[in-house]
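Dear colleague,

I am passing on a structure for you to look through, and below it you will find my notes on what turned up. Please keep the model open while you read, so that each residue can be found as it is named.

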Amino acid sequence: MLAGCRTLSRTFISPPTKRQWTFDSHISLCCSAPTLSSPQNHLLPSNRHVSAPPCPSVPASSSHRLACSAAVMELKEVLQVLEQLAPLSLAESWDNVGLLVEPSNPRPVRTILLTNDLTDAVMEEAEAVSCDLLISYHPPLFRPIKRLVQKDWKQRLAIRAVEAGMAVFSPHTSWDSVKGGVNDWLVGGLGSGHVSVLSQAFGSSSHSHRLDFTVRNAEELHAVMEQLKSLGGETTLQHPASRPDSSGLPVGVTCSASALTSTVQTLLGHKSASDSLSIVKLEKPPLPGHGQGRLSVLDQPVTMETAIQKMKSHLGLSHLRLALGSGKTLAVCAGSGASVLSGVKADLYITGEMSHHEVLDAVAQGTSVLLSDHSNSERGYLAVFRERLVVRLPNGITVLLSKADRDPLEVV
């Protein structure tokens with residue numbers, strides 16, 4: 001769930017008001033959660049998008065097949081497969097992802113149930129099919145808890161899972177960020193196009209700073225490096241010159257944030273290094289194709305009327321809620337999109353839910369709003385993920401889509 005936006009181009013007459021609309025072929029998308037701030041518009045190029053997004057992460061290699069050769073798998077093995085499909089490091093910092101309920105006596109995984117939300121009805125379904133691992137897109141346990149009691153419905157579900165020996169896992173925003181995940185699936189509902197990431201994901205790096213300095217000669221360099229080595233090995237020599245120049249021997253080292261202070265103190269003990277020292281904070285490496293939000297330039301422009309019909313078909317819905325404004329650009333966001341879409345200049349917002357006043361604000365600015373209700377903008381991705389998961393598991397494991405899972409709101 002994070003957000004996105006897009007622009008389209010053509011003309012049509014809107015049925016309710018006979019109003020004329022024009023759209024350019026430019027759309028952006030991003031999934032969002034209620035607490036997520038608007039992503040920065042880092043428009044980094046990605047692969048071309050098709051309506052069926054490419055499978056993310058590493059393909060199922062022979063090593064995967066070897067690991068899955070048994071009729072069943074241990075929980076930790078299934079978790080490794082889930083990590084390969086969508087690394088949890090891609091999740092937002094505020095999110096609560098990963099293994100949320102772990103049985104005290106783990107049993108082999110034979111049945112997996114996929115759901116958008118864990119409710120009483122879904123738990124009954126899971127118990128009926130003897131589910132071993134329940135994968136809930138939204139984390140059923142999100143806020144810190146001080147007790148497990150029956151009067152709280154989420155805590156009650158966690159207790160039932162423990163009593164049934166059932167593991168519960170939530171991927172949430174890691175699925176939003178991963179290449180080929182929820183955002184790419186959602187933007188694909190409006191057709192193929194050139195897709196880029198709105199808010200770029202970055203990889204982890206053990207070293208956060210680079211320190212450049214000069215020493216008099218190789219002997220002093222050796223003495224400095226021996227001192228740095230004694231600090232615990234968190235400093236790495238990067239580029240010593242082969243021979244000193246007129247000012248000395250240029251040297252560069254990198255270190256972790258925790259080792260920065262002690263590294264600087266060591267270098268300050270050498271006059272030549274102290275006089276020439278400069279410190280640069282290193283940027284984390286970007287992960288191309290991964291991140292929150294998508295911007296897509298459509299291969300084929302569509303009208304707003306067509307966009308509505310396409311989204312109904314893509315989401316499997318007969319009705320969407322529409323608030324009319326005016327204009328020619330389109331922004332799309334799965335889940336609760338107001339916090340993300342509020343910073344996007346667009347004339348039509350497509351998202352799961354917005355509050356009454358957020359809709360009024362959008363319309364007052366000339367922006368139309370198309371709402372599907374929260375989980376309806378996400379649930380369809382479960383079928384896509386199921387196909388990717390099945391090919392990485394042995395034939396003896398059953399992966400089911402919940403039949404009880406549905407948005408709590410219905411059109412009546």
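**Strands 10 and 15**

In strand 15, the residue that serves as bridge partner of Ser196 is Leu295. This pair belongs to the contact between strand 10 and strand 15 (residues 286–298), which pair in the antiparallel sense over eight bridges. Please bear in mind throughout that this is a predicted model, and that every value below was computed from it. Strand 10 is mostly covered, with seven of its ten residues buried. Phe202 is also found in strand 10, which spans residues 193–202, and at 40% relative accessibility Phe202 counts as partly exposed, because that value falls between the 20% limit for buried and the 50% limit for exposed. If you look for Leu90, you will find that its C-alpha atom is separated by 8.1 Å from that of Phe202, although these positions lie 112 residues apart along the chain.

**Strand 11 and its two partners**

Strand 11 (residues 209–215) is mostly covered as well, since six of its seven residues are buried. Which strands does strand 11 pair with? One partner is strand 13 (residues 249–255), joined to strand 11 by seven bridges and running antiparallel to it, and within this pairing Val215 stands opposite Leu249 of strand 13. Another partner is strand 14 (residues 278–281), which is joined to strand 11 by four bridges and also runs antiparallel; there, the bridge partner of His209 is Lys281 in strand 14.

Following the chain on from strand 13, you come to the loop between strand 13 and helix 8 (260–268), where Ala259 lies. Is Ala259 buried or exposed? With a relative accessibility of 6%, Ala259 counts as buried, because the limit for that class is under 20%. Ala259 and Leu228 are 31 residues apart in sequence, and their C-alpha atoms are 9.5 Å apart in space.

**An open sheet of five strands**

Elsewhere there is an open sheet of five strands, whose order is 6-9-8-7-20 and whose pairing is mixed. The edge strands are strand 6 (98–101) and strand 20 (398–401), each of which pairs on one side only. From one strand to the next, the twist averages 25°. Within this sheet, strand 7 (residues 111–115) and strand 8 (residues 133–136) run parallel and are joined by four bridges, and Leu113 stands opposite Leu134 in strand 8.

Helix 4 (residues 153–163) contains Val162, which at 51% relative accessibility counts as exposed, because the cut-off for that class is over 50%. Val162 and Pro103 are 59 residues apart in sequence, yet in space they are 5.9 Å apart, C-alpha to C-alpha.

**Two residues with positive phi**

Most residues other than glycine have a negative phi, and so two loop residues deserve a careful look. Ser130 is not a glycine, but its phi is positive, at about 55°. Ser130 is found in the loop between helix 3 (120–128) and strand 8, and it is partly exposed, with a relative accessible area of 49%. His172 likewise has a positive phi, near 40°, and is found in the loop between strand 9 (167–170) and helix 5 (173–177). Is His172 buried or exposed? His172 is buried, because its relative accessible area is 4%, and the class takes in values under 20%.

**Cysteines**

How many disulfides does the structure hold? The structure holds zero disulfides. Among the cysteines, Cys131 is buried with a relative accessible area of 1%, and Cys255 is buried with a relative accessible area of 0%.

**The second largest pocket**

Rolling a probe the size of a water molecule over the atoms shows where empty space is left. About 390 Å³ of space lies in the second largest pocket. This pocket is lined by 18 residues, of which the closest to its centre are Leu317, Asn376, Leu409, Glu410 and Val411. The residues of its lining divide into six nonpolar, six polar and six charged.

With best wishes for your reading of the model.

Definitions and conventions
Residues are numbered from 1 along each chain as its sequence is written. This is a predicted model: local features need pLDDT of at least 70, side-chain atom pairs count only at pLDDT 80 or more; totals for chains, interfaces and linings use all residues. Side-chain values use heavy atoms; hydrogens and water are left out. A disulfide is a pair of cysteine sulfur atoms within 2.5 Å. Buried means under 20% relative accessible area, exposed over 50%, partly exposed in between (1.4 Å probe, protein chains only). On a 1 Å grid over the protein atoms alone, a cavity is a set of points where a 1.4 Å probe fits but cannot get out, and a pocket is an open set with protein on both sides within 12 Å along at least five of seven lines; lining residues have an atom within 4 Å of a point. Grid points are joined across faces, edges and corners, and a volume is the space filled by probe spheres set on the points. Ala, Val, Leu, Ile, Met, Phe, Trp, Tyr, Cys and Pro count as nonpolar, Asp, Glu, Lys and Arg as charged, and the others, Gly among them, as polar. Two strands pair if DSSP finds at least two bridges between them. Axes are lines fitted to C-alpha atoms, for helices over the stretch in contact, and angles run from 0 to 180 degrees between N-to-C directions.
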